[in-house]
Structure formats: C-alpha cells, structure tokens
Amino acid sequence: LEAEIKPDETVGVVKMPGWLLADGITATHAGDPIPGWVQYDDGVKQEGLVITHVGGIEIEPDRIYRVATKISDLTNGQSKPWTEYYKEHPECLPPKGAYVNLYSELMAFFAKNMWRKIWEAIGPNKTSGPKIDLGHHSCDPAGRLAKLDLDHDGIVSVDEIHVALRDVLGLSVDPTEKSLAEYVHSFADTTGD
C-alpha cells in the first residue's frame, strides 16, 4: 500500500459522464499495466476492454457518475480521454479545498474498524479472534475500558491500544511502529484528553 499511496496524495470526487468513465478506464487498460492504470472496486465489471457495469448496475453512457480519484490523474496524460476532457472543461474539476488526503482517510477507516473490533472483542458476546482472558470486568463501557487500561491509571494510552491490536486482535505489530495505534487511539478518544 505504501508503494501505491504517498502520505501527501489527495483525492477528490469528480462528476464524470458514463461514456468518459468507460473510455478513460479502457485507455489505461489497453496493453500492459502502466502508471496511472485505473483501479476500481468490485462494482465495476469489465468484459475485455469494455466497461459494462458501475456500482453493480449496467453503465449508462449519459449518466453522471461521482468518481473518487487523484485529480492529477485526470489531467496528467495517463488516460488520454480524461486528459482531453478535463483540459477542455477545467470547471468540472473539484476545487482544491474539496480534496481529501488519501493516506489519512485510509488510516481513519482502518482505525475505526480496528477500534470496533477491539470493542467487540472485549465485550460480553466475543465470538471470534484469539481467546484472551482480560479479567473479570462488567461489560459496561467503563468495564471494557478497564480491560484495556493495563497499568490501571484510568487512561487508555496509545501503547495500550498497541498491545490490544496484538493481544486482542492477534495482529502482528512492530514495537517501534505505532501509527495505527495512534489513529485508533485518536478515533476512540471522544473527549480529546
């Protein structure tokens, strides 16, 4: 993931006609993969080089789709149809203030999901993951937080989240790399203290 996404990369949501979406993807998929080769989710279906579905529904050439992408990929020549269209219609590009840092969005997404998994794993109905004895606490929020507060100082720290990622979720963690734990902690800390 780090090879594909740089910490300073941003994305924006652009409105794109169906015909342009299809032509742009086709242009980058013709031949061997190249820088700028358009990647998409499983809602997009392609038969040969022809895009047939978007969002799991048959593509409509005149429909306007909302596409999240690196805005630079629309104008840097990697997809000739997109470059030509957006150079002719720069007003269709989102304003720079609407761009989102992709690295931060992905880390926030992962953090939200990791926190949910930790919260569920230390709750009363734990059904999956490693069987870890976290003591006998009630299942109220204070009890769950107490399970994470390993030094019993009343505060769940980044280091304690890091331990939970390893011991509760079974993730392989490096003791010196705590970026995910920091994001999880930031997400879970609703009061900022």
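## Exercises on a predicted model

In helix H6, the buried residues are Glu160, Ile161, His162, Ala164 and Leu165. Keep in mind throughout that this is a predicted model. Let's work through it together.

**Exercise 1. Find which helices help cover the buried residues of H6, then look for a core that includes Ile161.**

Step 1. Start with the cover: H4 (102-121), H5 and H7 (179-188) are among the elements that lie over the buried residues of H6.

Step 2. Now turn to the cores. The largest nonpolar core has 18 residues, and Met16, Leu21, Ile51, Leu74, Trp82 and Tyr86 have the most contacts inside it. Two or more residues each come from strand E1 (10-17), H1, E3, strand E5 (64-69) and helix H3 (80-88). H1 gives the largest share, 4 residues.

Step 3. Ile161 belongs elsewhere: a second, separate core of 15 residues includes Ile161 along with Ile122, Val156 and Leu169.

Step 4. As background, nonpolar side chains tend to be buried together in soluble globular proteins.

**Exercise 2. Work out the strand order of the open sheet with 3 strands, and say which strands stand at the edges.**

Step 1. The order is E2-E3-E4, with antiparallel pairing.

Step 2. Strand E2 (45-47) and strand E4 (57-58) each have a single partner strand, so they are the edges, and one side of each has no neighbour in the sheet.

Step 3. Check one pairing in detail: E2 and strand E3 (residues 50-54) run antiparallel and are joined by 3 bridges. Lys45 stands opposite His53 in E3.

Step 4. Add the helix. H1 (residues 18-29) lies across E2 and E3, at about 130° to E3.

Step 5. Finish with Ile51. Apart from neighbours within four places in sequence, Ile51 is in contact with Ala22, Ile25, Thr26, Val44, Lys45, Gln46 and Ile59.

**Exercise 3. Of the 5 salt bridges in the whole structure, take Lys70 with Glu9, Arg116 with Glu120, and Asp159 with Lys178. Place each pair in the chain and describe its exposure.**

Step 1. The side chains of Lys70 and Glu9 meet at 2.9 Å, N to O. Lys70 is in the loop between E5 and helix H2 (72-75) and Glu9 is in the segment before E1, so this pair ties together parts 61 residues apart in sequence. Lys70 is partly exposed at 23% relative accessible area; Glu9, at 15%, falls under the 20% cut-off and counts as buried.

Step 2. Arg116 and Glu120 meet at 3.4 Å, N to O. They are 4 residues apart in helix H4, which means about one helical turn separates them. Arg116 has a relative accessible area of 37% and Glu120 one of 45%, so each is partly exposed.

Step 3. Asp159 and Lys178 form a salt bridge at 2.5 Å, N to O. Asp159 is in helix H6 and Lys178 in the loop between H6 and H7, so the pair links parts 19 residues apart in sequence. Asp159 is partly exposed at 43% relative accessibility, and Lys178 is partly exposed at 24%.

**Exercise 4. Locate His152, give its phi and decide whether it is buried or exposed.**

Step 1. His152 sits in the loop between helix H5 (141-148) and helix H6 (158-167).

Step 2. Its phi is near 55°, a positive value in a residue other than glycine. For context, most residues other than glycine have a negative phi.

Step 3. With 65% relative accessibility, His152 is over the 50% cut-off and therefore counts as exposed.

Key:
Residues numbered from 1 in each chain as written. Predicted model: local features only at pLDDT ≥ 70, side-chain atom pairs only at ≥ 80, totals over all residues. Heavy atoms only, no water. Pairing = 2+ DSSP bridges. Contact = heavy atoms within 4.5 Å. Axes fitted to C-alpha atoms, helices over the stretch in contact; angles between N-to-C directions. Buried < 20%, exposed > 50% of the residue type's maximum accessible area, 1.4 Å probe, protein only. Core = buried A, V, L, I, M, F, W, Y, C linked by side-chain atoms within 4.5 Å. Salt bridge = Lys/Arg side-chain N within 4 Å of Asp/Glu carboxyl O.
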